[in-house]
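User: Hey, I'm new to this and could use a hand reading a protein model. Can we go through it bit by bit?

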Amino acid sequence: MRLRFGDCVLDSDTRQVFRDDRLLAIPPKVFQLLEILIAERPKALSKSEIHARLWPETFVSDANLANLIADLREALGDDAKQPHIIRTVQRFGYAFEADVRAAAPGAAPSAFRLVWAGREIPLAEGENILGRDNAAVAWIDVYSVSRHHAKIVIRGDEATLEDLGSKNGTFLRGEAVSGRAPLADGDEIRIGAAVMILRRFAGVSTQTARSQ
């Protein structure tokens, strides 16, 4: 299902969020928070209810949720002082208040994706940063991975891999990457201790993917 609010589109099937037709790099927990708020709109959810759904049977401080809300607002272009998407309910929690409507079906998905830890990470045309930074396209929360560890560059139907001066190195098919290395479907990529596979879907163009 694709839902539009303001200049953003949430695609729950591909687990992607677009803003002004640009694919956003949103960490899994932030995406889950957005899904929860939209699904319960316009109901205001208490902090304790959101905590229970994001971190079941796990204690985390209120700062964790506040940080997720801040990250989500930044990605969506929402202003905490004058919000038009996520409303803060003082001493209670949060509510999704933007108007939501069904969006037209998108074009074909991105041609290139990374498969890591049981999930698929879509790659967009241009530079895709891999690392431990929350803003990275491929957010790899592993201690041995640098904040900006490596990048994959998509140009049409071609993809290349490049290390970004990481501490523990970037490896392609078991060999250390030096310079810019071309990628092919099924290639194994390792950054730090994280191992992933590049997949290219036949018959899909990154040019159509950008029009989503």
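User: Let's start with the strands. Which residue stands opposite Gln16 in S3?

Analyst: That's Asp11, which stands opposite Gln16 in S3. Keep in mind that we're looking at a predicted model.

User: OK, and how many bridges join S2 to S3?

Analyst: Four bridges join strand S2, residues 8-11, to S3, and the two run antiparallel.

User: What holds paired strands together in general?

Analyst: Strands of a sheet pair through backbone hydrogen bonds, and they can be parallel or antiparallel.

User: What goes on in the turn between S2 and S3?

Analyst: The hairpin of S2 and S3 has four residues between the strands, and Arg15 there takes a positive phi near 55°.

User: Which strand comes after S3 in a hairpin, and what's in that turn?

Analyst: S3 and S4 form a hairpin with two residues between them, and Asp20 in the turn has a positive phi of about 55°. S4 covers residues 22-23, and S3 and S4 pair in the antiparallel sense over two bridges. Phe18 stands opposite Leu23 in S4.

User: Switching topic. In what order do the strands of the three-strand sheet come?

Analyst: The order is S5-S7-S6, in an open sheet with antiparallel pairing. S5 and S6 are the edge strands, each pairing on one side only.

User: Does anything pack on that sheet, I mean, which helix is it?

Analyst: Helix H3, residues 62-76, packs on the sheet and touches S6 and S7. The direction of H3 makes about 150° with that of S6.

User: How many bridges are there between S6 and S7?

Analyst: S6 and S7 pair over four bridges, in the antiparallel sense. S5 and S7 pair over two bridges, also in the antiparallel sense.

User: And which residues face each other there?

Analyst: Gly93 in S7 is the one to look for: Ser46 stands opposite Gly93, and Gly93 is also the bridge partner of Val89.

User: What about the turn between S6 and S7?

Analyst: That hairpin has three residues between the strands, and Arg91 takes a positive phi near 60°. Arg91 is not a glycine, yet its phi is positive. You'll find Arg91 in the loop between strand S6 (86-89) and strand S7 (93-96).

User: Is Arg91 buried or exposed?

Analyst: Exposed, because its relative accessibility is 86% and the cut-off for exposed is over 50%.

User: Now the other sheet. How are the six strands ordered?

Analyst: They run S10-S9-S19-S18-S15-S16, again as an open sheet with antiparallel pairing. S10 and S16 stand at the edges with a single partner strand each, so one side of each has no neighbour in the sheet.

User: How do S15 and S16 pair up?

Analyst: In the antiparallel sense, over two bridges. The bridge partner of Leu172 in S16 is Glu175.

User: Which residue sits in the loop between those two strands?

Analyst: Arg173 has its place in the loop between strand S15 (170-172) and strand S16 (175-176). Phi of Arg173 is near 55°, a positive value in a residue other than glycine. Arg173 counts as exposed because its relative accessibility is 51%.

User: Let's do pockets. What's the volume of the second largest pocket?

Analyst: About 350 Å³. Of the 19 residues that line the second largest pocket, the closest to its centre are Arg15, Ile26, Arg119, Glu120 and Pro122.

User: Which strand gives the most to that lining?

Analyst: S10, with four residues. Strand S3 (16-19), H1, strand S10 (119-122) and strand S12 (138-139) each supply at least two residues.

User: And what classes are the lining residues?

Analyst: The lining of the second largest pocket has 14 nonpolar, two polar and three charged residues.

User: One more thing, where's the cis peptide bond?

Analyst: A cis peptide bond joins Arg41 and Pro42, with omega about -5°. Pro42 is in the loop between helix H1 (28-40) and strand S5 (45-46).

User: And Arg2, is that buried or exposed?

Analyst: Buried, because Arg2 has 12% relative accessibility and buried means under 20%. Arg2 is found in strand S1, residues 2-5.

Methods
Residues are numbered from 1 along each chain as its sequence is written. This is a predicted model: local features need pLDDT of at least 70, side-chain atom pairs count only at pLDDT 80 or more; totals for chains, interfaces and linings use all residues. Side-chain values use heavy atoms; hydrogens and water are left out. Buried means under 20% relative accessible area, exposed over 50%, partly exposed in between (1.4 Å probe, protein chains only). On a 1 Å grid over the protein atoms alone, a cavity is a set of points where a 1.4 Å probe fits but cannot get out, and a pocket is an open set with protein on both sides within 12 Å along at least five of seven lines; lining residues have an atom within 4 Å of a point. Grid points are joined across faces, edges and corners, and a volume is the space filled by probe spheres set on the points. Ala, Val, Leu, Ile, Met, Phe, Trp, Tyr, Cys and Pro count as nonpolar, Asp, Glu, Lys and Arg as charged, and the others, Gly among them, as polar. Two strands pair if DSSP finds at least two bridges between them. Contact means heavy atoms within 4.5 Å. Axes are lines fitted to C-alpha atoms, for helices over the stretch in contact, and angles run from 0 to 180 degrees between N-to-C directions.
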